[in-house]
Amino acid sequence: MNKTVIGLEIHAQLRTDTKAFCSCRADVFDLEPNTAICPVCTGQPGTLPVLNKRVVEFAIMAGLAMNCTINKRSVFDRKNYFYPDLPKGYQITQYFFPIAENGYLYLEDGDEKRKIRIRRIHIEEDAGKMIHQGTDSITGSSGSYVDLNRCGVPLIEIVTEPDLRSPAEARIFMELLRDTLRALGVCSGDMEKGALRCDANISMVDEAGRSSNRVEVKNINSFKFVEKALEFEQERISRALSSGGDVAKETRSWSFSSKETFSMRSKEEENDYRYFPEPDLPKLIVSEDLIERIAGNLPELPWEKIERFMKQYSLPRYDAAVLSSDGEIASYFEEVAQTTRRPKESSNWIMGEVMRVMNERELTVEEVKVSPEHFKELFELIDEGKISNKIAKDIFPLVVEGRKSPLEIVKEKGLEQIDDDRVIEDALRKAMTDNPSAVEQFRAGKEGVLGYFVGAVMKATRGKANPSKVNEIARRMLKD
Amino acid sequence: MTKNPLNLRLSEIISLEDTFEFYRERVMKYNDELKAFLQVSTLSGDKRQGFPYALKDNILAVGTRTTCGSRILENYESPYDATVTRKLAVRGGKLLGKTNLDEFAMGSSTENSAFGPSRNPWDLERIPGGSSGGSAAAVAAGLAPFALGSDTGGSVRQPASMCGIVGFKPTYGLVSRYGLVAFASSLDQIGPMTRCSQDAADVMSMISGHDSNDSNTVRKELSFDVSLKGYLKGLKLAVPSEMLNYPGLDSGVKERFLSIVEDIRRSGAEVEEISIPSVEYAVATYYLIAPAEASSNLARYEGIRFGPRVPSEDYESLTNKNRDIGFGKEVKRRILLGTFTLSATYYDAYYRKALKTRSVMAGELNRVLDEYDFILNPSSPVIAPKIGEITDPLTYYLMDIYTIPANVAGLPSISLPAGLVDEMPVGVLLTGRRFSDVSLLDAAKGVEDLSPSYRSGLTVLPERWTE
């Protein structure tokens, strides 16, 4: 078996109020082009960058969450290259001395738990956006528009060591990273909106120990495509190795439309970025005090939450992991579990019905608007035998839609479970009259026929009869 | 107006009314000959009430173009005010106009201006020095009571010395660079060009101080609101032998310098010759660091947002064509030099080494200044050359040896006129410890009291401009 070696470079947009080096708003995704700009972020002559302190705090939070060493002294550098979406002609980044280094995250894949090392985390600024006419790129375009809103939006770049062993692992790692950044509140984690972006480096080693060239894949814009793009590359590199050859050392781009990668440029064509220390910014000095204060205020991280959910609510790891992957769902679960005092049922309902409704109607957990009290009522209706589990699930969408309580809905629709023996006996008697041969079969010892009669009663009562009661009565009446 | 503003110190000019009109008329009358200004203010009526000043055309002021003496910014309208512009406006400053400079402040003569050289008021055949040559010529001919320049390697002090006025480069970080078009960010500093050191102190009290828009400005508050005494007695001054024995030092200039040194000694200051070995590498270090930063600072002028946007078939050729047409020879030379020394292959050999040399040199200078109050040397090895006389750029580069060390170490440094050689002004340069700006200005006042270039405490204007 060939061995796969994958390392990731992840860019995460920070959710600060203002940009990294000026006071323009940083949340620019939905804005009209060129409406969140100023002399500084558009690179007007004579302007200077002023570092946003929140950016530093967010980067330190990310570094601490990923077990990095926080460098008390880090330095900003300029990365020089020409492109119309980069108005200064350079990007401010941290190349020589990043703010955080040498961390790790534990990756859980089934029963396996592996350490994925983080090489470094550094602060940098985003570039603008371009819209090309007639083509996908500036080459051959008949006209190109530049939107500078995104210029200067703060980013952290997180670089892993090549510790990932499969495309699936890469995807799981990206999800873990998203959950971590979301838990910290420093990044929305939205890959589709470009708030989280991933470049992947992949190479393979064959059974003889021969290593392939390394390929970098860019423009991966969803969690699913992290896996797909790397699978495509894995396959391509395997084929090259097995035929005795190798792939080119190059940068490739994932095509969302054709679901394959294509060559962007060879490594020889790479820019020389002429990095040098940014003379407009002093060295970034962070105090032990600040680091300690941030460390003391870190929110609960995904893996900590999973452990707590397993312990506090006696949930299986799977449930705990699903529920804690989203901060809002996790706290919703906790409210429901605490109100109903039925954690496992709460988990089942949230992972099942609530998430289904969220997906189908594209709602957030808050918009679902089923209160913990509604769940308590619903569970009580089931416990008291007033409705069946099936009915409960059937009416659940109405609790969401109508903002009515489960009890109101049950009453309004007359869905209360039928516990009245006489109603069940009447229905059964009719079924027995309709099918005397089945009655004979049962009496001859064919126990399986019981199900037929139970089904018939349920049908006649439109599912409202209490199934266990039907069972009990059917057994008694058929024997007579 | 009963008093002639040309005979007044800045503090008195500030207290008068209608001085703006007086200077503006002089600008209109003489600028054709001097070519000191690239643009003259169009202020009218009440807006003229206040004290006039001139601004080097690489500093932004709303209502003016900021050309940097370059074709590529020929039509660039300032979208905001530089911090110094805003601070002067708050104190009642009224902008007379924008002065000529070597393109992007790269040069020592204003010959690199895309709009032609300025003239030296002492001899119209000669350069005024540079890069703040327009500002120097304006003040030296009495077209403005003071001007602001920018000093990256001597661009305030060298033209001041060649035009016979005072040029002060403050400690790096005392004056905000926000709104100064960057040449070499770690070296650039705005400074006043005046007719006496007291005026320089008065300007500093208006323009210095921490600015939240420039992260390199310091929070330290120095008080420039002082009346300079001019005590030289008891001061210890050091003359670096490497500067005194520099082969390019003109014998006449050296003689004048040694004579003023004698005068200073007689006033009770100790003057000793010392050695600062790394000064020998000052020019080399500077011409690695400054072009490297410049190559990055000037990348934004790519022809899309700045410049005429010459039609091209694709982005790369658009950038190439516009930069080719938009930049002059010297700017291109420095961009190429800086791009080369920052390239991955040569970074360690050149840029990294230059940073090391810079810190060694700063260390040596600081050690000397631990022992001595100030370093004393000529401001320029020669008097102002004739326009077109020097064609080899290296000759000009080497002439910066006296002024560069202060920029490399971020030190305050002032050039004072100290008499004439061949009827042209020469200057002496005093350089002090970081943040010793106020005592440096005080010592400068002491030197002024000895200098033949002053009358009633102000630098002498060449006669033809006082008629």
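This is a short tour of chain A, from the whole chain down to one strand and its neighbours.

This is a predicted model: local features need pLDDT of at least 70, side-chain atom pairs count only at pLDDT 80 or more, and totals for chains, interfaces and linings use all residues. Residues are numbered from 1 along each chain as its sequence is written, while chains are lettered from A and ligands numbered from 1 in the order in which they are written.

**Select chain A.** Its C-alpha trace spans about 95 × 55 × 50 Å along the principal axes. The radius of gyration is 30 Å, against near 23 Å for a compact globule of 480 residues. That radius is taken over C-alpha atoms, and the globule rule is 2.2 Å times the number of residues to the power 0.38.

**Colour by secondary structure.** Chain A has 16 helices and 16 strands. These are DSSP runs numbered from the N terminus: helices are H or I of at least four residues, strands E of at least two.

**Colour by burial.** Of the 480 residues of chain A, 41% count as buried. Buried means 20 or more other C-beta atoms, placed from the backbone, within 10 Å of the residue's own.

**Select residues 196–205 of chain A.** This is strand S11. Seven of its 10 residues are buried, so S11(A) is largely enclosed by the rest of the structure.

**Add residues 3–13.** Strand S1 of chain A runs antiparallel to S11(A), joined by 10 bridges. Pick His11(A): its bridge partner in S11(A) is Arg197(A).

**Add residues 215–220.** Strand S12 of chain A pairs with S11(A) over four bridges, also in the antiparallel sense. Two strands pair if DSSP finds at least two bridges between them. Pick Ile202(A): its bridge partner in S12(A) is Val215(A).

How values were computed. Buried ≥ 20, exposed ≤ 12 C-beta atoms within 10 Å, placed from the backbone.
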